[in-house]
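Hi everyone, thanks for making time this morning. Please have a look at the slide, and then I'll walk you through it.

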Amino acid sequence: MAKQEKRRITAEDLYKFQLITEAEISPDGSHVVYSQQRVDPKTEKKYANLWVVPTKGGKPQPFTTGDQMDTKPHWSPDSSQIAFLSNRENEKQFQVYLIPFQGGEAHKLTDLKGTFKFLKWSPNGEQLLCQFRKKDPEAIEREEDDTKKELGVVARHVTRVFYKLDGEGYLPHERWHILVIDPSSGETRQLTDGEVFDEVHPNWSPGGQEIVYLSNQAPDPDLDPDAIDLFIIDSQNGKSTKISTPTGPKQLPVFSPDGKWIAYVGSEGKGQWWKDHSLWVVPSDGSGEARNLTEDYGLDIYNSLINDLPGGFPESPVIWSADGSQIYFLTAQHGRTRIMSLAVDQKKDPEIVLETDGVQGCYTGDAAGSTLAYLQGTFASPANVWVFDLERKKSSQLTAVNDPLLSELDLGEIEEVWFDSTDGVKVQGWILTPPNFAESKAYPSILEIHGGPRAQYGSIFMHEFYALAAQDYVVYFCNPRGSRGYGQEFAKAIWNDWGTVDYQDLMAFADLMEEKPYIDPKRMGVTGGSYGGYMTVWIIGHTDRFKAAVTQRCVSNWLSMYGSSDMNWAFQCEFGDQPPWEAFENYWRLSPIKYIGNATTPTLVIHSEFDLRCPIEQSEQVFVSLKKLGVETEMVRFPDEFHGLSRGGRTDRRVVRLNHIQRWFDRYLKD
């Protein structure tokens, strides 16, 4: 029988990929439960169900079924039950459910109106802890009154500076608080309350009597967003105590097994976004100062790798070893991640526990401290479930969710390169060549620029890149200065200086590619989104070397961006921590729209109409300016979509977006 020829990937293949979004190993180490998401092409709705797979190997089995979203699975301490969130009764309202692992129907625990996060069992299995935000009373009233529901919102009364958030929309007046649920009765008890402060990232002490959490209790938290402190609250009487730590952003605190220490990830200082995320420990009784365990090692405890089939790599808390002597954590460097360990007494340097050619995330450990479960993606595949035996130092892959689809596809080949920028700085990049690549041909090419800028490309599946390569484009991408993964100074290099050395790095890569025998220098294109959209507009205002450009969800004018983004005034941290009325010329110097009069490159402008991170007026300024200049341009707008359309938007819109990008480049880069 003849071997079946592989086909090229298409934009429409987005409907066929299934994504693993969360995973957790059972405390007894026998199974991993995970949430697997799919798309219904008829309704454009996304659904997710729970699956389980034995850690010793075996066929994954569906654990819940139905057209709903079952997410955030969490094992009970005795591995007998799984708590999870589901919208099976009301697609707009998630509730907490319980399901026995050995069989039986899921039953609903809660009947609340609001949003749940961070579901955690108490160590004795007698309580569930979560972060919960109530729905505003007027929103509930509107939902329950058909007339008011049809009329919709009459007005929004805004009293706080950060009143909207991309991906969520306009925020309620209610704040995040800590909720405890009795799993036997469903009775709920709210431990914290208040109209000004949020309490977030709660976690149990080993005995279950206390809960650690984070809160910003500055007079106005929105005007001092990095003033985050660590607190411990008594789970019975609600008495709260502040634990002294250095000022700065923090996340995901975890008690040590003996309850004497708290580990957390954070950095010291305010508004210094280029700093590494470090691993800290502090005595839980407040008797000593917090220590930065990774300060001397140049490690960033943060998964900064980005891709466009997301979900499997949420930030995970660090893991204490069973004896409390060391801590396991994930760090990202040079386009890959590593799971590492560090002795709390710091008598040894950090050690690499697991390092592969891919990207790991969502890692959890069993109660015995012998096995880690994690999700891993690579250039060749989105995330799958893996386990790692800490004693034998052996990894095993447990799922192959998209292998049937991937086996049909010829994705092309990826080559990693390091090159010298114009001032000798080493920059890491990758070159993707099309299927059936022939070095004797001269190909059109596309430079892709990532968002952030404090993010990084790396060994992770990028559907967009493969879809463009499938149309016979050479796609190349790199991590210019400003990216994470190469040390603090590398990330800080464009602080208050966007469009300088990062532009040099990108042009040095374009120079390198232009010299390749298989690249046609007259058919080079450029595209990027968010910060990548900023750089695309910056590029067309500073060079005409590219014959076509596509700017997506861009920033173009820092003056009008101030206060209109969901990040609001905080962008001033990037500009010497001065508002525009004190630093007008600096904001204008760094605005691509200042240089738009130089542009001659045909440019497609893409933006989502409900983008709250980079409001659509940023792209409207570019589009209108290019029209006025007589430069060939079009705008494609997507209604009802947030900033992250390319990653998590409605699938038909993602397909249309890719088709427009291909159409534009085909028009100007192909004969």
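Before we start, a word on residue classes: Ala, Val, Leu, Ile, Met, Phe, Trp, Tyr, Cys and Pro count as nonpolar, Asp, Glu, Lys and Arg as charged, and the others, Gly among them, as polar. What you see is a predicted model, where local features need pLDDT of at least 70, side-chain atom pairs count only at pLDDT 80 or more, and totals for chains, interfaces and linings use all residues. Residues are numbered from 1 along each chain as its sequence is written, and side-chain values use heavy atoms, with hydrogens and water left out.

Let's begin with the overall picture. The protein has twelve helices and 38 strands; helices (H or I, at least four residues) and strands (E, at least two) are DSSP runs, numbered from the N terminus. Its radius of gyration is 25 Å, close to the 26 Å that the globule rule gives for 671 residues, so the protein is as compact as a globular protein of that length. That radius is taken over C-alpha atoms, and the globule rule is 2.2 Å times the number of residues to the power 0.38. Along the principal axes, the C-alpha trace spans about 70 × 70 × 65 Å.

Now contacts and surface. Taking contacts with a separation of 6 or more, 58% of them join residues 24 or more positions apart, where contact means heavy atoms within 4.5 Å. The accessible surface comes to about 27,700 Å², and carbon and sulfur atoms hold 48% of that; these areas come from the Shrake-Rupley method with a 1.4 Å probe, and for residues only the protein chains shown count as cover. Of the 671 residues, 57% count as buried. Buried means under 20% relative accessible area, exposed over 50%, and partly exposed in between (1.4 Å probe, protein chains only).

For a covered element, turn to helix H7, residues 531-540. How many of its residues are buried? Ten of ten, including Tyr531, Trp538 and Ile540.

On to the empty space inside. Rolling a probe the size of a water molecule over the atoms shows where empty space is left. On a 1 Å grid over the protein atoms alone, a cavity is a set of points where a 1.4 Å probe fits but cannot get out, while a pocket is an open set with protein on both sides within 12 Å along at least five of seven lines; lining residues have an atom within 4 Å of a point. Grid points are joined across faces, edges and corners, and a volume is the space filled by probe spheres set on the points.

There are four cavities of 30 Å³ or more. The largest holds about 120 Å³. Of the 15 residues that line the largest cavity, Ile301, Glu315, Ser316, Leu330 and Tyr363 lie nearest its centre. Which strand gives the largest share of that lining? Strand S27, with four residues; S27 (359-365) and S19 (250-255) each supply at least two. By class, this lining has nine nonpolar, five polar and one charged residues.

The second largest cavity has a volume of about 80 Å³. Its lining has 13 residues, with Gly298, Asp300, Gly485, Tyr486 and Gly487 nearest the centre. Strand S24 (326-333) and helix H5 (488-492) each supply at least two of them, and S24 gives the largest share, three residues. Here the classes are four nonpolar, six polar and three charged.

Among the pockets, let me show you the second largest, with about 290 Å³ of space. It is lined by 16 residues, and Leu409, Asp410, Leu411, Gly412 and Glu413 lie nearest its centre. Ten of the lining residues are nonpolar, three polar and three charged.

Last, some backbone details. Most residues other than glycine have a negative phi, and most peptide bonds are trans. Histidine 334, in the loop between S24 and strand S25 (336-343), has a positive phi of about 55 degrees, and is partly exposed at 29% relative accessibility. Lysine 393 also has a positive phi, near 55 degrees; this lysine lies in the loop between strand S29 (381-389) and strand S30 (394-397) and is exposed at 56%. Finally, the peptide bond from glycine 452 to proline 453 is cis, with omega near 5 degrees, and proline 453 lies in the loop between strand S33 (443-449) and helix H4 (463-469).

Thanks for listening!
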